[in-house]
2 protein chains.
Amino acid sequence: MAQNELAHALEILKSHKVRLTPQRKTILNYLITHHTHPSAEMIYEDLKQHDDSISIATVYNTVRLLVDYHLVIELKNGDGSTHFDYFGQPHYHIVCENCGKIADVFAPEFSRLNQQLDEITRQQTHYLVNRTDIEVKGLCPECQAKLGLLHNR
Amino acid sequence: MAQNELAHALEILKSHKVRLTPQRKTILNYLITHHTHPSAEMIYEDLKQHDDSISIATVYNTVRLLVDYHLVIELKNGDGSTHFDYFGQPHYHIVCENCGKIADVFAPEFSRLNQQLDEITRQQTHYLVNRTDIEVKGLCPECQAKLGLLHNR
DNA sequence: TTGAGTGCAAACTCTTTGCAGGCCC
DNA sequence: GGGCCTGCAAAGAGTTTGCACTCAA
C-alpha cells in the first residue's frame with residue numbers, strides 16, 4: 001500500500017523530469033509512512049537516526065519541491081514552524097489551539113464541498129482556483145480533559 | 001459603519017477587562033478600516049506615517065491579543081510573514097500563489113458549511129471545534145493575464 | 001559528462017523577550 | 001496607585017542562501 005503510494009508519487013515526479021535522488025526518495029517515503037504532520041526539523045532529526053544522512057537544507061528544499069507538485073501540503077499549528085503532510089487522500093485538518101496537535105479528518109462530502117467553494121470563489125473573485133485548504137481549530141480530547149472542559153461536550 | 005464596528009469591538013474587549021490603550025484602539029481601527037490584509041510590519045509602517053507613534057513590538061502584541069479574542073484572523077500568503085484581517089463578517093480567503101495577493105470571499109452558504117464541518121469534525125476526532133478557516137489557493141486575474149493563462153478561464 | 005542536487009555554515013527575516021518607564025482603570 | 005502596557009534593542013527561532021563537491025540521468 002505505502003509502496004504503491006511511493007511508486008505512484010515517484011512516477012509523478014519522474015514525469016516532470018525531477019531528479020530522483022536518494023534523499024528525495026527517503027523524505028518522500030518518510031512522509032508517506034508517517035502521518036504525524038512533522039516539521040522540517042522533525043523529519044531531519046528522525047532521518048538522522050537511521051544511517052540516512054541528510055542535511056536540514058535538503059529537507060527544506062525537498063519538502064518545498066513536494067509541495068510545489070501538490071504531493072504534500074503545508075500546515076501551521078501555531079508553534080512557529082511549518083508542518084508537512086503527504087496528501088494522498090483528500091482530507092482536511094483540525095489543530096488543537098492548546099497543544100498544537102494536528103488530526104486528519106476524512107469527509108466523504110469533502111470533494112463536493114470543494115467544488116462548491118471553487119464555484120463561489122471563481123464567480124466572486126475571478127481568481128483561478130487551484131486548491132482549497134480547510135483548517136479547523138479547536139481543542140483535542142486530551143486538552144479538553146486537562147482544562148476541565150469535558151462537561152461542555 | 002466603521003465607527004459602529006469599532007465601538008462594537010471595543011465593547012467586546014472592555015467586557016473582557018482588556019485595557020484600552022491608545023495604541024490598541026489605533027491598531028484595531030486601522031484593521032477595521034483597511035481591508036488590505038496587512039502584515040505586522042505593514043501596519044507599523046503605515047501608522048508611523050501619521051503622528052501615532054507605535055513600536056513594532058506593540059503591533060505584534062496587539063494583533064495577537066485581537067486574534068485571541070477572535071476579532072482578527074491570521075493569514076499566511078507564502079511571503080514568510082503573517083497577515084491580519086478584521087473578521088467582522090464571516091468570510092474566507094483566496095490567496096494568489098503567484099503574487100501573494102489575498103482576496104475576501106463572502107459566501108451566504110458559509111455558515112451552513114461551517115456547521116457541517118463542525119459536525120463531521122467533532123464526530124470523527126472528538127475535538128471541540130472553535131472555528132473553521134477556509135483558504136483557497138489560486139491565481140488572481142492579474143497574474144493569470146501576466147502568465148498568459150486567460151484562455152484557460 | 002554535466003548541470004542539478006547536496007551539505008555545511010553563515011546570513012537573513014520575522015517574531016519574541018527583558019526591562020525600565022508610562023499610563024489606563 | 002498598582003499593575004498591565006509600551007518602546008527599545010537585543011535575542012531567538014525557523015528558514016534560506018552561497019559555494020564547492022557529488023552524482024543521477
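Me: Which element gives the largest share of the surface near DNA strand D?

Reply: That is α4(A), with 3 residues. A residue is near a strand if one of its heavy atoms lies within 4 Å of it. Helices are DSSP runs of H or I with at least four residues, strands are runs of E with at least two, and both are numbered from the N terminus. This is a predicted model, in which local features need pLDDT of at least 70 and side-chain atom pairs count only at pLDDT 80 or more, while totals for chains, interfaces and linings use all residues. Residues are numbered from 1 along each chain as its sequence is written, chains are lettered from A and ligands numbered from 1 in the order in which they are written, and side-chain values use heavy atoms, with hydrogens and water left out.

Me: What makes the pair formed by Y60(A) and DNA strand D a polar contact?

Reply: A polar contact is a pair of N or O atoms within 3.5 Å; within protein, one must be able to donate a hydrogen and the other to accept it, and residues adjacent in sequence count only if both atoms are side-chain atoms. An N or O atom in the side chain of Y60(A) is 2.3 Å from a phosphate oxygen of DNA strand D, so the pair meets the 3.5 Å limit. The side chain of R64(A) has a polar atom 3.1 Å from a phosphate oxygen of this strand, and a polar backbone atom of S55(B) is 3.0 Å from one.

Me: How many residues of each class does the surface near DNA strand D have?

Reply: There are 6 nonpolar, 8 polar and 4 charged residues. Ala, Val, Leu, Ile, Met, Phe, Trp, Tyr, Cys and Pro count as nonpolar, Asp, Glu, Lys and Arg as charged, and the others, Gly among them, as polar.

Me: Why is T125(B) called buried?

Reply: Buried means under 20% relative accessible area, exposed over 50%, and partly exposed in between, with a 1.4 Å probe and protein chains only. T125(B) has 11%, so it is buried. This residue is found in helix α5 (residues 110-125) of chain B. Beyond its neighbours within four places in sequence, T125(B) is in contact (heavy atoms within 4.5 Å) with I94(A), A103(A), D104(A), V105(A) and P141(A).

Me: How do you know that the span of helix α4 of chain B agrees with its number of residues?

Reply: The expected span is 1.5 Å times one less than the number of residues. For the 13 residues of this helix (residues 56-68) that should be 18 Å, and the end C-alpha atoms are 18 Å apart, so the two agree.
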